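Here is a set of questions and answers for a reader who is meeting this structure and would like to know how its descriptions are reached.

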Amino acid sequence: KYSLRPGLILLASDNKKQGLLSIFANHCSFVTGQRLRRAYQIGELYANLYSERTRWTLVGSIWRRLQNKHASTGKLVAALAGVFLWEDEKVRDEELHRCGLELQALESVKNLSASSEKAEGQVETGWEVVMEKKNFKVWRRPIEGSHLCEYRVLGSYNDVTPRQFFNVQLDTVYRKTWDALVLKLEVVDRDVNTGSEVVHWATRFPYPMYSRDYVYVRRYNVDVENNLMVLISRAVQHPGVPETQDYVRVHSYQSKMVIRPHKSFDENGFNYLLTYSDDPQTAFPRYCVSWMVSSGMPDFLEKLHTAALKAKNLEVGIYDYASAVKSKETKHQPSQDRLGDNTRPGQIYA
């Protein structure tokens with residue numbers, strides 16, 4: 001009898017207002033419920049009819065149309081269809097570029113022992129030195145609005161090539177052999193446009209803590225023009241890797257590695273800058289977490305260095321990611337069969 005317009009409700013008498021408000025509320029709930037059910041039915045239909053790649057293309061197209069006016073609707077459709085939106089989560093070109101600038105700003109610290117005092121004045125404000133060794137130096141600074149810290153490691157190696165060091169970090173199959181803490185490490189999704197990957201990584205934590213797992217997007221690049229190699233990883237949520245009771249999921253994680261060869265990618269010697277932060281979700285005091293990270297990071301880097309030396313000495317074969325990046329310029333993409341590490345391309349010695 002009455003039009004369900006909010007303006008008419010205001011003009012009605014008090015008694016009628018109550019009735020109209022009730023009708024209006026019920027109408028809104030009904031419409032919202034109908035839309036949610038319809039979205040769920042659409043998601044179920046496409047999940048049954050199409051492969052994940054096709055669903056990604058379909059929902060990506062819908063999302064691009066809706067993101068300006070109906071962003072929340074697009075995200076709802078994507079979630080119900082079980083699709084990861086690369087456009088929102090991918091590592092962008094600007095982030096790769098910024099990593100190179102950060103290393104450039106710290107390259108005055110190449111000689112970590114002889115010129116440390118001079119270098120100190122050039123480090124961004126807020127960073128404090130927590131460890132200094134022959135081949136590397138570690139800084140940390142508090143993350144604003146958090147009880148956590150961000151860490152930086154600037155170091156160099158002269159007995160392995162940049163290509164070897166770069167490849168060893170990326171090879172998920174090889175890492176399972178040299179990192180005893182790894183419980184699970186596999187690529188679960190890949191963006192065919194940028195070569196970015198989503199990785200699921202489960203790792204042991206010191207007793208008595210439970211093991212943790214990470215789901216993160218990573219992107220790597222070889223910048224021949226500026227003589228740089230860059231690897232960026234950060235935590236994301238992926239519908240293909242839901243949380244389980246087996247691990248404690250780490251939702252805040254970021255790692256950035258920049259490598260600059262002393263000469264070329266295939267000659268011994270390079271500087272590197274690692275910037276790292278994560279929230280392991282422990283109940284330990286801040287100083288305990290800080291100690292674990294600052295002491296565990298050098299240990300990891302030494303393991304990484306040893307693994308790179310084995311690759312150099314042809315004791316193991318690893319996939320050449322550096323060449324794979326270059327091949328993208330000629331439109332060659334890594335094989336989609338590598339998802340989940342069920343199959344693997346022929347080994348290439350670094």
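Q: What makes strand E1 and strand E2 count as a pair?
A: Two strands pair if DSSP finds at least two bridges between them, and in this predicted model 4 bridges join strand E1 (residues 128–132) to strand E2 (residues 136–142), so the requirement of at least two is met. The two strands run antiparallel, Glu128 has Arg140 in E2 as its bridge partner, and the hairpin that E1 and E2 form leaves 3 residues between them. Helices (H or I, at least four residues) and strands (E, at least two) are DSSP runs, numbered from the N terminus.

Q: How do you know that E2 also pairs with strand E3?
A: E2 and strand E3 (residues 149–157) pair in the antiparallel sense over 7 bridges, and one of the partnerships is that of Pro142 with Cys149 in E3. These strands form a hairpin with 6 residues between them, and Gly145 in the turn has a positive phi of about 75°.

Q: On what terms do these statements rest?
A: Because the model is predicted, local features need pLDDT of at least 70 and side-chain atom pairs count only at pLDDT 80 or more, while totals for chains, interfaces and linings use all residues. Residues are numbered from 1 along each chain as its sequence is written, and side-chain values use heavy atoms, with hydrogens and water left out.

Q: Why is the contact between Arg234 and Glu95 called a salt bridge?
A: A salt bridge is a side-chain nitrogen of Lys or Arg within 4 Å of a carboxyl oxygen of Asp or Glu, and the N to O distance between the side chains of Arg234 and Glu95 is 2.5 Å, so the pair qualifies. Arg234 lies in strand E7 (residues 228–235) and Glu95 in helix H6 (residues 93–106), so the pair ties together parts that are 139 residues apart in sequence.

Q: Why is Lys256 called buried, and what is its salt-bridge partner?
A: Buried means under 20% relative accessible area, exposed over 50%, and partly exposed in between (1.4 Å probe, protein chains only), so Lys256 at 14% relative accessibility counts as buried. The side chain of Lys256 meets that of Glu102 in a salt bridge of 3.3 Å, N to O.

Q: Is Arg141 buried or partly exposed?
A: Arg141 has 23% relative accessibility and therefore counts as partly exposed, whereas Glu150, at 14%, counts as buried. Arg141 forms a salt bridge with Glu150, the closest N and O atoms being 3.2 Å apart.

Q: What makes helix H8 largely enclosed?
A: In helix H8 (residues 162–170), 9 of the 9 residues are buried, so the helix is largely enclosed by the rest of the structure.

Q: How many aromatic pairs are there, and why is the pair of Phe165 and Phe270 called tilted?
A: The whole structure has 17 aromatic pairs. Rings of Phe, Tyr and Trp (its six-membered ring) pair if their centres lie within 6.5 Å, and planes under 30 degrees apart count as stacked, over 60 as edge-to-face and the rest as tilted. The rings of Phe165 and Phe270 are 4.9 Å apart, centre to centre, with 40° between the planes, so the pair is tilted. Both residues are buried.

Q: Why is the pair of Phe166 and Tyr220 edge-to-face?
A: The ring centres of Phe166 and Tyr220 are 6.4 Å apart and the planes stand at 75°, so the pair is edge-to-face.
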